[in-house]
Amino acid sequence: MSHSRTASGGDAATKKSLAPSDPAPRDMAPGGPVSERGGSAGRLRARRARNRPWGALLWVAPALLCYAAFVLYPLGQSIQYSFYNWDGIGTATPAGLANWQAIFTQPELLSAITHAFELIIFYTLFPVGAGLAAASLIRELKPGPFSTISRTILFIPQVLPLVAAGVAWTWLYSSNGLVNQILQATGLGGTTRAWLGDFTFALPAVGVIGVWVMLGFCTVLLLSGIGKIDPALYEAASLDGAGRLRQFRAVTLPGLRQELVVCTTFTIVAALASFDVIQVSTQGGPGYQTMVPGVEIYRLTFLDQRIGQASALAVFLTVLVLLVVWPIQRLGRTD
Amino acid sequence: MTQLATIRRGPVIRGGRGVRGDRITRTLLLVLLMLFAIVPLLSMFTAALAPQGSNPPGLSWPAHPHWGNFADAWTGANLFALFRSSVLIVLGVVPAAVAMATAAGYGLAQLRVPGGKVIYGALLAGLTIPYEALITPLYYDIQSLGLLDSRLAVVLPLIGLLMPFGVFWMRAHFVNAETALTEAGQLDGGTTWQIFRRIHLPLAKPAISALTILFFLATWNQYLLPLVLINDPAKRTVAGGLGAFQGQYGTNTALLCAGSLLIIAPSLLVFLVFQRNFVKALLQGAIR
């Protein structure tokens with residue numbers, strides 16, 4: 001089992017040795033600047049023998065073709081559709097920028113995007129924050145059956161179909177479901193309600209489903225990261241008189257950088273692109289209270305037959321995710 | 001596993017305060033988190049055993065558990081057809097996707113692919129593209145291919161959609177592979193295929209099996225594609241079928257919960273059987 005530090009180190013080293021061949025592969029002198037380490041004559045000869053670049057392309061071609069046909073091409077189509085009005089059957093008419101303007105002016109579309117960002121609080125902020133707190137408190141899990149069982153159980157919500165999470169929580173939130181049962185048992189009977197049908201609480205209620213799906217995953221990932229931090233660092237910090245909070249800031253947080261980047265990226269993409277849970281639990285309702293871009297795209301396409309509008313929102317969502325994720329990824333790379 | 005253990009066993013300074021109190025807090029915290037993860041499923045389970053059409057309480061063991069609900073849900077939702085359909089879709093997607101991702105990952109990590117950097121960059125960009133952003137054009141593309149309503153309508157796009165992660169995952173493995181072995185293979189005059197087949201493929205087994213499990217879960221749990229591209233619920237994946245099932249039994253809590261538990265059982269089972277390797281591989285892979 002290799003550790004993240006060595007793994008990423010090896011990655012970087014190999015990237016470096018591969019890099020020269022990448023920008024201009026054809027006019028590369030065989031074995032030219034490649035040999036940073038080693039570089040024996042035998043290796044050069046082997047490189048020359050292997051230097052059939054178009055043959056190498058065959059290894060990548062199937063994956064690339066599938067990807068191009070079912071991801072890149074449709075993405076291009078989405079961009080094209082977004083400048084037309086089309087009902088999916090008749091002829092499309094040019095719409096100029098109208099579909100794009102609508103995203104920023106139509107309250108329903110705008111609210112869908114706002115909700116997606118509000119969901120980040122639940123999908124990302126809570127799970128990563130609580131996971132971080134829990135992981136740094138638990139810190140070392142004594143290896144053994146309890147540690148294995150706890151890891152397994154914490155992970156379960158993450159491996160189930162999101163549809164099932166939606167069904168389970170629809171039941172938990174129903175008027176005689178577990179949530180209201182607990183509230184009644186703790187003397188908060190006055191606050192019971194049909195949560196998913198409540199105009200104020202529907203979105204936070206849907207958000208909590210996201211917390212359920214993500215919390216265990218983040219905790220387990222962060223716990224494993226903390227396990228890899230050199231205990232000597234804590235020792236040194238402690239000798240320097242650093243308290244718990246100081247240790248957390250000086251040792252734990254920097255040590256978990258990679259894990260935090262993975263957790264944050266993964267959960268933010270899930271929040272902005274949520275569909276399954278909401279389609280199953282509220283379908284965007286009540287009213288537009290829990291409408292998110294994913295569900296809105298689905299409705300615009302298959303219920304309202306407004307393909308152009310749906311496509312504009314789809315492209316916008318893609319760009320939005322990229323814009324949010326990009327800086328976080330950069331944060332993970334600069335070391 | 002063993003290595004993790006040795007690392008965690010190292011001396012850890014606990015800030016010098018009540019060590020036992022700490023341990024209790026820790027365990028309590030962990031138990032609370034575990035309860036949060038598991039109680040929703042337990043609540044579903046007790047509800048699934050309640051009499052049909054009744055209003056079961058959130059969490060309490062029924063006096064007379066109706067185990068027959070599971071059988072009723074199985075036949076009522078036509079789950080046999082759904083399971084069969086899911087298996088067919090998984091068989092269509094997973095082996096092909098794993099093979100393609102492995103080949104491409106190997107090519108990008110170990111061979112000189114013309115424009116390799118650009119190709120890898122394009123694939124990486126795909127990691128963040130939401131499925132919903134592609135579903136509208138995919139529907140019309142699949143329609144014009146005449147595949148709408150067939151299982152291929154889900155299989156083909158899903159293979160493409162899984163490629164970014166798959167290639168990323170396998171490339172990360174092959175980039176770290178031992179180069180000395182490759183060189184030895186080359187000196188022996190091995191062709192690229194032989195070196196891959198005899199040296200790299202056996203070493204990649206853990207990475208490939210982890211990817212297989214991940215792809216299985218992604219396919220089995222897939223909801224949006226079958227929902228849109230297959231009208232006949234009996235041809236969808238079980239997750240896609242659950243939606244139709246919910247519409248049908250929305251008010252019959254017992255049956256809905258029983259059916260949902262049957263539908264999540266395979267995902268849960270695969271995870272529990274492979275969890276030891278799976279969680280480990282995932283934790284490693286995620287950080288690369």
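Here is a short conversation about a predicted model, its two chains and one residue in chain A.

Biologist: Happy to look at this with you! Why is A:Leu223 called buried?

Modeller: The cut-off for buried is 20 or more other C-beta atoms within 10 Å. A:Leu223 has 26 C-beta neighbours inside 10 Å, so it counts as buried. You will find A:Leu223 in helix H9 of chain A, which covers residues 202–228.

Biologist: How far apart are A:Leu223 and A:Ala134, in sequence and in space?

Modeller: A:Leu223 and A:Ala134 are 89 residues apart in sequence, yet their C-alpha atoms are 8.4 Å apart in space.

Biologist: Nice. Now to the pair of chains: how many residues of chain A are in contact with chain B, and what makes a contact?

Modeller: Two residues are in contact if their C-beta atoms lie within 7 Å. By that test, 103 residues of chain A are in contact with 96 residues of chain B. Helix H3 of chain A, residues 53–81, gives the largest share of chain A's side, with 19 residues. By class, that side of chain A has 65 nonpolar, 25 polar and 13 charged residues.

Biologist: And which elements does chain B have?

Modeller: Chain B has 13 helices and 0 strands, and from the N terminus on every element in its run is α.

Biologist: What share of chain B is buried?

Modeller: Of the 288 residues in chain B, 49% are buried. As for its contacts with a separation of 6 or more, 74% come from residues 24 or more positions apart.

Terms used. Residues numbered from 1 in each chain as written. Chains lettered and ligands numbered in written order. Predicted model: local features only at pLDDT ≥ 70, side-chain atom pairs only at ≥ 80, totals over all residues. Helix = DSSP H or I, 4+ residues; strand = E, 2+ residues; numbered from the N terminus. Nonpolar A, V, L, I, M, F, W, Y, C, P; charged D, E, K, R; others polar. Buried ≥ 20, exposed ≤ 12 C-beta atoms within 10 Å, placed from the backbone.
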